[in-house]
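Biologist: Before I use the labels on this model, I would like to hear what stands behind them. Please show me the chain first.

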Amino acid sequence: MIPFLDLHKINERFRSQFDAKVKEILDSGWYLQGKQNDSFCEHFAAFCGTDYSLGVANGLDALRIIIKAYGFGVGDEIIVPANTFIATVLAVSDNGCTPVFVEPDINTYTINPSLIKEKLTSRTKAIMAVHLYGQACQMDEINAIAKKYNLKVIEDAAQAHGAIYKGKRVGNLGDAAGFSFYPGKNLGALGDAGGITTNDKDLYEKCKAIANYGSDYKYHHIYKGLNSRLDEMQAAFLDVKLGSLDEDNNRRREISKYYRDNIKNPNIILPSTEDELSHVWHIFAIRTSNREELIKYLNGTGIQTNIHYPTPPHKQLAYNEFKEQSYPITEEIHNTVLSLPMSPVLSNRDVKEIADILNSFKN
Ligand SMILES: *Cc1c(COP(=O)(O)O)cnc(C)c1O
């Protein structure tokens, strides 16, 4: 059997370093906002090339804290890709803002910058740039629109840790970025965790206070904040794993290259990228009009797959208010995508087997 994602195997590589960190934290008796957090945030900011990095409880919080820190709320509109994981949209609506959906590009799956302008109104405050599946968005175009219309650019970098767009890391391509360190992400903790990066000192300070009960110093509250902190255990694990992130992403690129060079089946559309460095292949999503049969066929040969995602946000019950809206490109993607196994611990043998089996699929 080839599992979709073998988290145990991924983390087993770090077992002795994790053991040492657990001992260190247990010996210290310090569990929140201590030196593990400081160390990870310092290293993660350096990795992204930003001035600041803040640890928070998860990726959704990272995004909603950024929006809250900008003071966006009821009556404000935020541009989001129609094709994304629901957390992007939840971060917007949780603050009372209205998500305004923009179709993706059918080839990159990320937001199509040329369709943003027609969605802007006097109430638009920001653009959420989601680097979906690990591929950096077309940031030059997005930043140019933002500059012209005085909008903030918030990166949803939850799937793209380490991707490089024109020499700069994801997380350093807009005004602020939210990361998720959910266990299955390219940089994953052993539980929930998230982070914010920015070069804006005021925004950083504000996010930091909001994430800690709106407090700038103990028992002094300047915002109606939240409790969303990165704990010492997760920060320590992430600090260990950050050292292997580039190597892991390169292995993902290698696997992706193998899939793209060797899967040759007229029923299957392969993902592509114009710039190998700009993609870290969090998800390797193929498209096929025979998805149900293909899933069955792969299951029969012991290959696990997944769908990212079966239903777009505007078709979810939670967003009933958008159910009459139509986003045909997004819907086409959701109806046809299928994610193949992708992780740094897949063996060459597994990857070859997957490609061979896909080539033998006849519709
Ligand atoms: C995972 C993910 C999030 C949310 O992160 P959590 O840590 O699970 O809260 C947000 N946006 C995207 C695109 C994601 O993939």
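Modeller: What follows is a set of questions about those labels, with the values and cut-offs behind the answers.
The model is predicted, so local features need pLDDT of at least 70 and side-chain atom pairs count only at pLDDT 80 or more, while totals for chains, interfaces and linings use all residues. Residues are numbered from 1 along each chain as its sequence is written, and side-chain values use heavy atoms, with hydrogens and water left out.

Biologist: What makes a residue one of those around the ligand?

Modeller: One of its heavy atoms must lie within 4 Å of the molecule. The residues around the ligand include Asn58, Phe85, Val130, Ser180 and Lys185.

Biologist: How is the shell around the ligand divided by class?

Modeller: The shell has 5 nonpolar, 5 polar and 2 charged residues. Ala, Val, Leu, Ile, Met, Phe, Trp, Tyr, Cys and Pro count as nonpolar, Asp, Glu, Lys and Arg as charged, and the others, Gly among them, as polar.

Biologist: What makes the pair of the ligand and aspartate 156 a polar contact?

Modeller: A polar contact is a pair of N or O atoms within 3.5 Å; within protein, one must be able to donate a hydrogen and the other to accept it, and residues adjacent in sequence count only if both atoms are side-chain atoms. A nitrogen atom of the ligand is 2.7 Å from an N or O atom in the side chain of aspartate 156, so the pair qualifies. An oxygen atom of the ligand lies 2.8 Å from an N or O atom in the side chain of glutamine 159, and leucine 60 has a polar backbone atom 2.9 Å from a ligand oxygen. The ligand taken alone exposes 380 Å², of which the protein buries 91%. Those areas come from the Shrake-Rupley method with a 1.4 Å probe; for residues, only the protein chains shown count as cover.

Biologist: Which elements give two or more residues to that shell?

Modeller: They are helix 4 (59-70) and helix 5 (86-94). Helices (H or I, at least four residues) and strands (E, at least two) are DSSP runs, numbered from the N terminus.

Biologist: Why is tyrosine 109 called buried?

Modeller: Buried means under 20% relative accessible area, exposed over 50%, and partly exposed in between (1.4 Å probe, protein chains only). Tyrosine 109 has 3%, so the residue is buried. Its place is in the loop between strand 3 (98-102) and strand 4 (124-130).

Biologist: What is unusual about a positive phi or a cis bond?

Modeller: Most residues other than glycine have a negative phi, and most peptide bonds are trans. Tyrosine 109 has a positive phi of about 70 degrees, and tryptophan 281 has one of about 50 degrees. A cis peptide bond, with omega about 10 degrees, joins histidine 308 and tyrosine 309.

Biologist: Is tryptophan 281 buried or exposed?

Modeller: Tryptophan 281 is buried, because its relative accessible area is 0%. The residue lies in the loop between helix 9 (245-262) and strand 12 (284-287).

Biologist: Why is lysine 218 called exposed?

Modeller: Its relative accessibility is 65%, so lysine 218 passes the cut-off of over 50%. Lysine 218 sits in the loop between strand 10 (215-217) and strand 11 (220-221).

Biologist: And what makes aspartate 216 partly exposed?

Modeller: Aspartate 216, in strand 10, has a relative accessible area of 42%, so the value falls in between the two limits.
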